[in-house]
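Work through the exercises below with the sequence and the model open side by side. Try each task before reading its solution.

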Amino acid sequence: MSDTILLVDDEPSVLSAITRALRGEPYEVVSELSGELALERMAAQPFKVVLSDERMARMQGSEFLAIARSRYPGTVRILLTGHATLDAAIRAVNDGGIYKFLTKPWQDNDLKQAIRDALLKHDTEQEAWRLFGLLQQQHDMDDLEKLHPGISRLERDQEGNLMLPELSDDALNDLRRQCEKAFLDLDPASDSASDSASDPADMVRGMFLHGIRN
């Protein structure tokens, strides 16, 4: 998936201002003027990050992001609002699974950093789940569950596909640690010392490939 983000606001001037602020950033920016149009666009094109204004004429941003969360849980969601209230914040967090809030008027540097962080969160989370899928293929999940209670407790849909939950940064790091430890426990021939300075994802990937070769 390419690094593409979606901006949603019913004011063209705001969309233009945000797009200008993001000019030169290393990702594609797409914009829509309503939550309804944004959902149609998301059905046709994958996005790593979606940033939506809260106050829109027809569908509120928190409502739109709640629908986006249910349909596209892998997309990281950011809410932009100039009318931050406690009720709106609670609704957005509970229903929309908001990653970050930004307020109007925004600071361009804060906006850029929030999107960079969101892109990194998306990629890191997807990598962790990919590694978990490799772990399932390589080892019997009953054995993994005995070694690491809870590692296999993910819900599945009617076709047996994993329904991946959203993860906090702490939970994501814990999943990656469990994957790493599971590979080490089930493949003791792996040279963990030589990989200790590597990135965790690279280390787990290397141990998986080592297991395939053996």
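**Exercise 1. The sheet**

Task: Give the strand order of the sheet and find which strands stand at its edges.

Solution. Start with the order. In this predicted model, 5 strands make an open sheet, arranged E2-E1-E3-E4-E5, with parallel pairing. Now check the ends. E2 (28–32) and E5 (100–103) each have a single partner strand, so one side of each lacks a neighbour in the sheet. Next, the twist. On average, neighbouring strands are turned by 20 degrees against each other, direction ignored. Finally, look at one pair. E4 and E5 run parallel over 4 bridges. Leu79 has Phe101 in E5 as its bridge partner.

**Exercise 2. A helix on the sheet**

Task: Which strands does H1 touch, and what angle does its direction make with that of E1?

Solution. List the contacts. H1 packs on the sheet and touches E1, E2, E3 and E4. Then compare directions. The angle between H1 and E1 is about 150 degrees.

**Exercise 3. A serine in a strand**

Task: Is Ser52 buried or exposed? Which residues contact Ser52?

Solution. Locate Ser52 in strand E3, residues 49–53. Its relative accessible area is 0%. The cut-off for buried is under 20%, so Ser52 is buried. Now find the surroundings. Setting aside neighbours within four places in sequence, Ser52 contacts Val8, Gly61, Phe64, Leu65, Ile78, Leu79 and Leu80.

**Exercise 4. The nonpolar cores**

Task: Find which element gives the largest share of the largest nonpolar core.

Solution. Begin with the core itself. It has 20 residues; Ile5, Ile18, Leu22, Leu51, Ile78, Leu111 and Ile115 have the most contacts inside it. Sort by element. Two or more residues come from each of E1 (4–8), H1 (12–21), E3, E4 (76–81) and H5 (108–138). H5 gives the largest share, with 5 residues. Take Ile115 as a sample. Beyond four places in sequence, Ile115 contacts Ile5, Leu22, Tyr27, Leu51 and Ile78. A second core is separate; its 15 residues include Ala38, Phe47, Val50 and Met56.

**Exercise 5. The two sides of H2**

Task: Why do the buried residues of H2 line one face of the helix?

Solution. Pick out the buried residues. In H2 (residues 35–44) they include Gly35, Ala38, Leu39 and Met42. Look down the axis. The buried residues fall within an arc of 100 degrees, so they line one face. Turn to the other side. Glu40, Ala43 and Ala44 are exposed there. Last, find the packing partners. The buried residues of H2 pack against E1, E2 and helix H3 (61–71).

Conventions. Residues numbered from 1 in each chain as written. Predicted model: local features only at pLDDT ≥ 70, side-chain atom pairs only at ≥ 80, totals over all residues. Heavy atoms only, no water. Buried < 20%, exposed > 50% of the residue type's maximum accessible area, 1.4 Å probe, protein only. Contact = heavy atoms within 4.5 Å. Core = buried A, V, L, I, M, F, W, Y, C linked by side-chain atoms within 4.5 Å. Pairing = 2+ DSSP bridges. Axes fitted to C-alpha atoms, helices over the stretch in contact; angles between N-to-C directions. Arc of directions from axis to C-beta.
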